[in-house]
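Q: Hey, got a minute to walk me through this model? I'd like to get a feel for the fold before I go back to the bench.

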Amino acid sequence: MKNLYTAAFLFVFISAGAQMNSAMGFTENNGQYQTQPGDSRTILFKSMNSDPQIFITTEGLTYVFAGNVKKGDDNVRSSGEYSSIDMKLDGATITKENVVVENEIPGISNYYYPFCPNGILNVHSYQKVTIKNIYPGIDWVIGANEKDGMYHDFIVHAGADASRIKTIFFGVDQINVTDDGKLEYFSRFGKVTEGKLNTYIEATGEHIPSAYQLSGNRMIYSLPKKAKKANVVIDPPLAWSSSQASSDMDYGYATTAAKDGTGDVLVTGTTLGTNFPTMNAYQGLLYGFQDMVVFRLNAAGTRLWSTYYGGLGDEDGKGISSDNTGN
């Protein structure tokens with residue numbers, strides 16, 4: 001499958017109108033995110049404030065990780081590369097017409113790119129996206145919030161067949177089910193973990209035994225037949241890990257706990273890298289030989305925002321603190 005790199009990094013590095021918002025959720029695609037030529041997928045939504053970047057497409061989910069590769073000798077500046085994992089729901093019907101959104105996030109985003117000089121305006125974001133009937137009688141729910149992070153569930157309505165949910169993974173270097181029942185899949189620069197399945201009857205919360213059934217890069221959910229008698233929720237907890245660094249020299253000098261009650265952590269340091277992973281950046285590019293960097297992580301370690309800060313000279317970030325309102 002072709003990757004979504006063009007869409008991902010055009011937004012991250014040169015979007016002029018994205019809202020400065022630390023909320024977690026998904027931004028609708030009104031044309032600002034585009035796949036590469038020849039890719040038949042359509043991007044429906046893109047994650048806000050997540051690392052990796054996550055896309056909801058007409059085939060499933062795509063995770064895009066930034067990585068670090070040193071090229072040449074010590075006198076040559078490093079360059080960054082990327083890897084992606086595509087989680088394709090085989091045979092699913094995922095269309096914009098079947099999307100239901102909930103929990104709109106305050107604020108809008110405006111995008112100005114060379115291909116849309118007049119702007120793509122008034123773009124909305126949401127904390128919950130439901131795609132109805134991706135398989136007969138089965139809905140797919142993708143959500144994100146500050147408390148739970150990102151999650152995705154399948155709602156299997158009474159009489160529907162959960163075995164129709166078939167996932168194919170592309171771009172994985174390794175995939176396996178661990179001894180404690182977790183599904184792990186790796187790309188060159190990142191890892192996704194789907195925790196031990198939490199499957200239950202929606203009305204009563206009664207637990208239903210379930211497991212990942214893996215064959216090569218294909219996976220189905222194994223459930224008992226009695227699950228067909230009621231609405232069932234299949235909940236694979238999500239987690240991932242990736243780099244917080246550029247491909248050149250990075251130095252972390254100071255951290256502090258935010259004093260605004262969020263449990264967030266603020267970090268500052270210095271980078272020589274031209275591809276430090278910025279997000280909602282005040283300054284998106286390296287100006288001098290080295291610049292200060294500042295970023296904020298939530299309690300789960302997810303980056304909420306990160307920025308360069310410096311001029312044409314050399315700047316270091318050696319200390320950091322915050323006030324009670326998060327400044």
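**Chat about the fold**

A: Sure. Of the 327 residues of the chain, 49% count as buried. Bear in mind that this is a predicted model.

Q: How many helices and strands are in the chain?
A: The chain has 1 helix and 22 strands.

Q: And what share of the contacts between residues at least 6 apart in sequence join residues at least 24 apart?
A: That share is 61%.

Q: What about the surface, how much does the chain expose?
A: About 15000 Å² is exposed, and carbon and sulfur atoms supply 50% of that.

Q: OK, inside now. Which residues have the most contacts inside the largest nonpolar core?
A: Those are Leu 89, Ile 134, Trp 140, Tyr 185 and Ile 234, in a core of 47 residues.

Q: Which strand gives the most to this core?
A: That's β7, which puts in 5 residues.

Q: Let's zoom in on Ile 134. What is Ile 134 in contact with, leaving aside its neighbours within four places in sequence?
A: Ile 134 touches Leu 89, Gly 91, Ala 92, Thr 93, Ile 94, Trp 140 and Phe 154. Two of the names from the core list turn up again there, Leu 89 and Trp 140.

Q: And the second core, which residues does that include?
A: The second core is separate and has 9 residues, with Phe 55, Val 64, Tyr 111 and Ile 120 among them.

Q: Switching to strands. How many residues of β2 are buried?
A: Strand β2 covers residues 43-48, and 6 of its 6 residues are buried.

Q: In which sense do β1 and β2 pair?
A: Antiparallel, over 4 bridges, with β1 being residues 25-28. As a landmark, Gly 25 stands opposite Met 48 in β2.

Q: And how many bridges are there between β2 and β3?
A: There are 3, and that pairing is antiparallel too, with β3 at residues 53-57. Lys 46 stands opposite Phe 55 in β3, and Phe 55 is one of the residues in that second core.

Q: What about β13, how many of its residues are buried?
A: For β13, residues 190-194, the count is 4 of 5, so call the strand mostly covered.

Q: What joins β12 to β13?
A: A hairpin, through 2 residues. Strand β12 is residues 183-187, and 5 bridges join β12 to β13, with the two running antiparallel. Ser 187 has Gly 190 in β13 as its bridge partner.

Q: Changing topic to charges. How many salt bridges does the count come to?
A: The count comes to 8 salt bridges.

Q: Give me one. What does Lys 128 meet in a salt bridge?
A: Lys 128 meets Glu 102, at 3.7 Å from N to O. Lys 128 lies in β7 (residues 116-135) and Glu 102 in β6 (residues 99-113), so the pair ties together parts that are 26 residues apart in sequence.

Q: Are those two buried or partly exposed?
A: Both are partly exposed: Lys 128 has a relative accessible area of 23%, and Glu 102 is at 33%.

Q: How about Arg 296, what is the salt bridge partner there?
A: Asp 260, with N and O 2.8 Å apart. Arg 296 lies in β21 (residues 291-297) and Asp 260 in the loop between β19 (250-257) and β20 (265-271), so this pair ties together parts that are 36 residues apart in sequence.

Q: Why does Arg 296 count as buried?
A: Because Arg 296 has 7% relative accessibility, and buried means under 20%. Asp 260 is partly exposed at 23%.

Q: And Lys 182, what does that residue bridge to?
A: Lys 182 forms a salt bridge with Asp 180, where the closest N and O atoms are 3.9 Å apart. Lys 182 is partly exposed at 33%, and Asp 180 is partly exposed at 43%.

Q: Which residues are linked in a network of salt bridges?
A: Asp 39, Arg 41 and Asp 86.

Q: Last one. Which residues make the nonpolar surface patch of about 380 Å²?
A: Leu 285, Tyr 287 and Leu 312 make that patch. Tyr 287 has its place in the loop between β20 and β21, and counts as partly exposed at 48% relative accessibility.

Conventions
Residues are numbered from 1 along each chain as its sequence is written. This is a predicted model: local features need pLDDT of at least 70, side-chain atom pairs count only at pLDDT 80 or more; totals for chains, interfaces and linings use all residues. Side-chain values use heavy atoms; hydrogens and water are left out. A salt bridge is a side-chain nitrogen of Lys or Arg within 4 Å of a carboxyl oxygen of Asp or Glu. Buried means under 20% relative accessible area, exposed over 50%, partly exposed in between (1.4 Å probe, protein chains only). Patches are made of residues with over 30% relative accessible area and no salt bridge: like charges are joined within 9 Å, nonpolar side chains (Val, Leu, Ile, Met, Phe, Trp, Tyr) within 5 Å. Accessible areas come from the Shrake-Rupley method with a 1.4 Å probe; for residues, only the protein chains shown count as cover. A nonpolar core is a set of buried Ala, Val, Leu, Ile, Met, Phe, Trp, Tyr and Cys residues joined through side-chain atoms within 4.5 Å. Contact means heavy atoms within 4.5 Å. Two strands pair if DSSP finds at least two bridges between them.
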